[in-house]
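Trainee: Could you take me closely through the charged side-chain pairs of this model, and then through its cysteines? I should like one connected account.

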Amino acid sequence: MKRDRYLLLLKFLHFNDNDNMPGRDEPNPDQLYKIRPLVDHLFEKFQEVYSRSKQVCIDESLLLWKGRLHFKQYIPLKRSRFGLKLFMLCEDGGYTYRFRIYTGKTTLVERNQNLSISERIVEDLMMPLLNKGHYLYMDNWYTSIPLLQYLKDNSTLASGTIRKNRKGFPEAVSKAKLRQRGETVAYRSDALLALKCKDTKKVHILTTIHNESMQNVRNKRNPANPLQKPKCIVDYNTWGVSTALTNCCSHLRLPGRA
């Protein structure tokens with residue numbers, strides 16, 4: 001295809017009726033109106049054509065975009081530092097089951113206002129999977145005590161790293177002094193387990209899936225002497241790895257001006 005033909009097709013490519021586009025003065029206008037039929041179609045089809053495994057995970061990804069867009073994000077730790085931010089629910093093979101495109105603080109304005117933004121994202125993505133016995137893994141931006149309690153009340157167990165200064169996280173765990181690699185400290189309250197482990201760095205975990213049991217893992221430096229790690233961290237590294245696969249979107253590039 002010649003360049004000029006490609007640019008001509010791109011110029012006249014439309015997915016929605018511009019005559020019905022909401023005005024800028026309307027409260028909470030749909031920022032994705034022009035591609036809303038396409039986004040909704042993919043959102044529904046992704047859920048119809050594939051069956052999930054028991055383990056699922058939530059993470060964000062960045063879709064490369066260098067054009068002009070007011071909700072374009074800059075995340076320096078991502079491979080594509082500029083682009084559209086997506087929240088994605090994936091299963092352990094890396095398949096994207098549900099997703100939401102971040103368009104600002106009003107992305108999930110219709111959801112439970114008693115929850116924080118990160119908790120509302122998890123609630124929205126997990127809605128069709130609640131009460132089905134799934135195990136959810138997530139990172140410390142999402143994990144909180146109210147969220148894990150909410151999921152537990154809906155027959156969904158969860159595990160994730162957590163920030164040590166999160167509200168309600170026990171100080172007996174967060175302030176514990178761990179000096180040697182492999183040391184752990186844990187505190188349990190009903191179904192919630194808060195755990196801190198000293199590895200190459202200190203890791204804080206909140207889980208309703210696991211107990212305090214330890215597991216042998218391969219020692220790369222000395223294979224004859226395996227290391228001891230909490231099973232919750234081993235499982236998080238195993239099943240949470242699929243969150244990295246959501247970064248496949250970073251290799252894509254939407255048509256637009258560089």
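Mentor: Asp4 pairs with Arg3 in a salt bridge whose closest N and O atoms are 3.1 Å apart. This is a predicted model, and every value here is computed from it. Both partners are open to the surroundings by the accessibility criterion: Asp4 is exposed at 51% relative accessibility, and Arg3 is exposed with a relative accessible area of 61%. Side chains of opposite charge can pair when their charged atoms come close.

A search of the whole structure finds ten salt bridges, and two further pairs lie within helices. In helix α2, which covers residues 36-48, Lys45 and Glu48 stand three residues apart, about one turn of the helix. Their closest N and O atoms are 3.4 Å apart, and the two residues form a salt bridge. Lys45 is partly exposed, at 36% relative accessibility, whereas Glu48 is exposed, with a relative accessible area of 54%.

Helix α6, residues 231-239, holds the other pair: Asp235 and Lys231 are four residues apart, again about one turn of the helix. The salt bridge between Asp235 and Lys231 has its closest N and O atoms 2.8 Å apart. Here the acidic partner, Asp235, is buried at 13% relative accessibility, while Lys231 is partly exposed at 31%.

Salt bridges also join residues into a network, namely Asp30, Arg36 and Asp40.

The cysteines give a separate picture. A disulfide is a covalent bond between the sulfur atoms of two cysteines. The count of disulfides in this model is zero. Cys90 is in no disulfide, and the nearest cysteine sulfur, that of Cys57, is 5.3 Å away. The cut-off is 2.5 Å between the sulfur atoms, so the distance of 5.3 Å from Cys90 to Cys57 does not qualify. Cys90 is itself buried, with a relative accessible area of 1%. Cys197 is likewise in no disulfide; its nearest cysteine sulfur belongs to Cys232, at 8.0 Å. Cys197 is buried too, with a relative accessible area of 3%.

To return to the pairs described above, the accessibility classes of the partners can be read side by side: Asp4 and Arg3 are exposed, Lys45 is partly exposed beside an exposed Glu48, and Asp235 is buried beside a partly exposed Lys231.

Definitions and conventions
Residues numbered from 1 in each chain as written. Predicted model: local features only at pLDDT ≥ 70, side-chain atom pairs only at ≥ 80, totals over all residues. Heavy atoms only, no water. Buried < 20%, exposed > 50% of the residue type's maximum accessible area, 1.4 Å probe, protein only. Salt bridge = Lys/Arg side-chain N within 4 Å of Asp/Glu carboxyl O. Helix = DSSP H or I, 4+ residues; strand = E, 2+ residues; numbered from the N terminus.
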